[in-house]
Amino acid sequence: METVPIATRAELKGRALSHLQGHWGKAVAVTLIVMVISIVLSKLPRVGSLISFVITGPLTLGAAYFYLRLVRQQATNVADIFEGFSRFAQAFLLHLLSSIFVFLWMLLLIVPGIIAGIRYSMAFYILNDNPGLTAMEAIDRSKELMDGHKLQYFKLALSFLGWGLLSVVTLGIGLIWLIPYFAATNASFYENLIQTKQTA
């Protein structure tokens with residue numbers, strides 16, 4: 001079996017842009033839906049932040065579903081963003097546990113917290129591909145998958161810093177395109193990683 005090489009940052013970002021070609025409208029719509037939900041919830045007194053936290057997991061799983069289908073060149077739909085609600089408990093628990101673990105690592109120092117976040121970064125993709133897993137099992141598999149690849153992922157995420165600053169200058173308007181670009185690159189990173197592991 002031919003070994004799949006680890007892709008470079010430029011290759012992963014190039015693949016993301018290639019997959020987004022012809023699908024920007026749906027990707028932007030997905031981003032806008034999440035933004036609108038966040039803005040509406042932020043206006044709700046007292047319960048808004050709680051509701052936002054509760055639905056973040058399902059929305060994140062829905063985004064993983066959408067972008068993995070995108071990079072795998074499968075049919076996508078804007079409604080895919082709500083796919084995570086069909087597995088609400090798993091998605092909520094995954095977000096809850098990840099948040100708790102990152103917070104606890106942050107109590108030590110910022111750097112351990114960042115490393116923890118990177119270790120858990122593939123958990124929602126893993127849960128999407130393996131619906132029978134528990135939230136904790138998805139986290140454990142993410143840690144295994146990211147073993148030896150945390151610095152690569154950090155550098156990949158850091159390469160979007162300039163675009164992030166540009167989005168701030170445009171009063172956040174640039175995020176409408178940056179978020180899909182970053183999300184598609186993340187999904188491409190995961191796809192490349194599992195293909196590499198499978199052929200190793």
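This briefing covers a nonpolar core, a pair of helices and one buried serine in a predicted model. Local features need pLDDT of at least 70 and side-chain atom pairs count only at pLDDT 80 or more, while totals for chains, interfaces and linings use all residues. Residues are numbered from 1 along each chain as its sequence is written, and side-chain values use heavy atoms, with hydrogens and water left out.

**Nonpolar core**
- The largest nonpolar core has 46 residues; such a core is a set of buried Ala, Val, Leu, Ile, Met, Phe, Trp, Tyr and Cys residues joined through side-chain atoms within 4.5 Å.
- Y67, L94, M122, F189 and Y190 have the most contacts inside this core.
- Beyond its neighbours within four places in sequence, F189 is in contact (heavy atoms within 4.5 Å) with L12, M122, M146, H149, Q152, Y153 and L156.

**Helices α2 and α3**
- Helices here are DSSP runs (H or I, at least four residues), numbered from the N terminus.
- The axes (lines fitted to C-alpha atoms over the stretch in contact, with angles from 0 to 180 degrees between N-to-C directions) of α2, residues 24-42, and α3, residues 48-71, come within 10 Å and cross at roughly 170°.
- Helix α2 is therefore roughly antiparallel to α3, a term for angles over 145 degrees.
- From α2, K26, A27, V30, T31, I37 and L41 meet α3 residues including I51, I55, F66 and Y67.

**Residue S142**
- S142 is in helix α7, residues 135-146.
- S142 counts as buried (under 20% relative accessible area, 1.4 Å probe, protein chains only) because its relative accessibility is 0%.
- A polar atom of the S142 side chain lies 2.6 Å from the backbone oxygen of R119.
- Among the other residues in contact with S142 are Y120, M122 and I126.

Methods. Buried < 20%, exposed > 50% of the residue type's maximum accessible area, 1.4 Å probe, protein only. Helix = DSSP H or I, 4+ residues; strand = E, 2+ residues; numbered from the N terminus. Parallel < 35°, antiparallel > 145°, perpendicular 65-115°, else oblique. Polar contact = N/O pair within 3.5 Å; in protein donor to acceptor, adjacent residues only side chain to side chain.
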